[in-house]
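Trainee: Hi, could you walk me through this model before I set anything up with it?
Mentor: Happy to, let's put it on the screen.

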Amino acid sequence: MSAHPLTLAADPTVSTADLGSLLAARQDDPASTAPFQLVDENGDLTAAGQDLGVDLELAQVLHTDMVLARRLDHEALALQRQGELHLWIMAWGQEAAQVGSIRALRGDDHVFPSYREHAVLLCRGISPADLLRQWRGATHSGWDPAESHVHINSLVLGTQTLHATGYAAGVRLDRSDEVVMTYFGDGAASQGDVNEALNWAAAGTLPVVFFCQNNQWAISTPTATQMRTPLHVRAAGFGLAGYHVDGNDALAVHAVTQHATARVRAGEGPALIEAQTYRLAGHSSSDDPKRYRTDDELAGWQAKDPITRLERLLRNAGVSERHFSDLEARADTFAVEVREQAKAIHGEDLAVVFEHTYAEPHPVMQSELAQHLARRDGAVA
Ligand SMILES: Cc1ncc(C[n+]2csc(CCOP(=O)(O)OP(=O)(O)O)c2C)c(N)n1
Ligand SMILES: [Mg+2]
């Protein structure tokens, strides 16, 4: 790598002490509007980025994660269009929020996702096959939370935040230093569940980081319709540490999450991070966003693309063309794996549904299972 204008942090992570004072100043003014940034849309360091320095090795890791995650996303949507998946929930545009936050956690920290956190799952080593199984309609969930410490997707908005808070209460009882991370959207923040989870976590000083990806939309409802004060301002009311970060700046998300997580791990109580980002595609493969948002709005956010931004930073820092062409080739190979793994997924017998509904046999379920088996085995037309 040639000489470059960037300061490499002496420590491979951004200096927590310096970052802490910068963030503390922002917390004294919770209504401060601009989210925290280290790298701007052009790939240049902001004043905070210049003061603190950024870690170029980390930038490369996060950039690679994002490129692979977006590739999975594009392939999965194509597979849905070809009839290989029933439904797909697109996440492109939100990669920085996801990889920046998950890479700031320890591998044993537990994660309670919503349904759009594909990049988080990939970073935790969940295979494309396990990730896509649910969307092919083959099972309720494709991976083992005991292995990845990532719990199953929650499609019932906000419930995962209560699960996370309950789990964190257990972590506290075990006197463990694990942190629990839960992801939710701006729309889910309107659910009572999320507000109960925030309050219980604060009241119990529980080790939870609540990570809201404010992607500006809840299907066709814009964030502005759902709240009168910015979400991160709610943190103070509930008694959590609040953070507001540019969710398209992977390095800033990483730094902020690292800072929040260190406080939470030290027993100082839960944190709420609001990451400003944007869902560049539709809500799901069943949605047509052209019906409710303008081309201008989309173009404005495309200019803030998290992948382009980090690529510009790395190129300005002298990272070679070879690095980017190798990554492109790696993404092509990965895309082939995604397609092959998806098509090799075979559905479980529907009878498995009856096994996991109640802990003990239940007469109604047994009767329904008998009907299903009779139909499956041809005894009933
Ligand atoms: C309890 C509940 N109510 C409504 C829905 C229907 N629903 C699915 S996604 C969605 C919008 C969620 O928006 P947001 O929380 O911002 O997350 P995003 O989809 O933008 O990631 C709604 C209303 C649901 N799944 N669960
Ligand atoms: Mg949303």
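Mentor: What follows goes from the domains to the core, some helices, a few loops and the ligand. This is a predicted model, in which local features need pLDDT of at least 70, side-chain atom pairs count only at pLDDT 80 or more, and totals for chains, interfaces and linings use all residues. Residues are numbered from 1 along each chain as its sequence is written, while chains are lettered from A and ligands numbered from 1 in the order in which they are written.

Trainee: Which domains does the chain have?
Mentor: The assignment gives domain 1 (16-343) and domain 2 (349-381); such bounds come from an automatic or database domain assignment. Their centres, taken over C-alpha atoms, are separated by 38 Å.

Trainee: And helix 17, is it buried or in the open?
Mentor: The number of buried residues among its 14 is zero, so helix 17 lies largely in the open. Buried here takes 20 or more other C-beta atoms within 10 Å of a residue's own, exposed takes 12 or fewer, and partly exposed is in between, with C-beta atoms placed from the backbone. Helices (H or I, at least four residues) and strands (E, at least two) are DSSP runs, numbered from the N terminus.

Trainee: What about the span of helix 17?
Mentor: Helix 17 covers residues 363-376, and its end C-alpha atoms are 20 Å apart, which agrees with the 20 Å it should span at 1.5 Å a residue. The expected span is 1.5 Å times one less than the number of residues. Just after helix 17, Gly378 has a positive phi of about 85 degrees.

Trainee: OK, switching to the core. How many residues are in the largest one?
Mentor: The largest nonpolar core has 93 residues, and Val209, Leu251 and Ile273 have the most contacts inside it. Such a core is a set of buried Ala, Val, Leu, Ile, Met, Phe, Trp, Tyr and Cys residues joined through C-beta atoms within 7 Å.

Trainee: What does Val209 touch?
Mentor: Leaving aside neighbours within four places in sequence, Val209 is in contact with residues including Val179, Thr261, Val264 and Ile273. Contact means that the two C-beta atoms, placed from the backbone, lie within 7 Å.

Trainee: Thr261 just came up. Where is it?
Mentor: Thr261 is in helix 12, and counts as buried because it has 21 C-beta neighbours inside 10 Å. With the same sequence neighbours left aside, its contacts are Ala104, Leu105, Val179 and Val209.

Trainee: How much of helix 12 is covered?
Mentor: Most of it: 12 of its 16 residues are buried. Leu251, His254 and Val264 are among them. Helix 12 (residues 250-265) reaches 22 Å from its first C-alpha to its last, close to the 22 Å expected. Just after helix 12, Gly267 takes a positive phi of about 90 degrees.

Trainee: Which loop residues other than glycine have a positive phi?
Mentor: Thr205 has a phi near 50 degrees, and Gln216 has one of about 75 degrees. Thr205 lies between helix 9 (192-203) and strand 3 (208-214), and Gln216 between strand 3 and strand 4 (217-218). With 14 other C-beta atoms within 10 Å, Thr205 is partly exposed, and Gln216, with 18, is partly exposed as well.

Trainee: Last one: what surrounds ligand 1?
Mentor: There are 14 residues around ligand 1, and Leu157, Gly185, Gly187, Ala188 and Ala218 come nearest. Being near means a C-beta atom, placed from the backbone, within 6 Å of the molecule.
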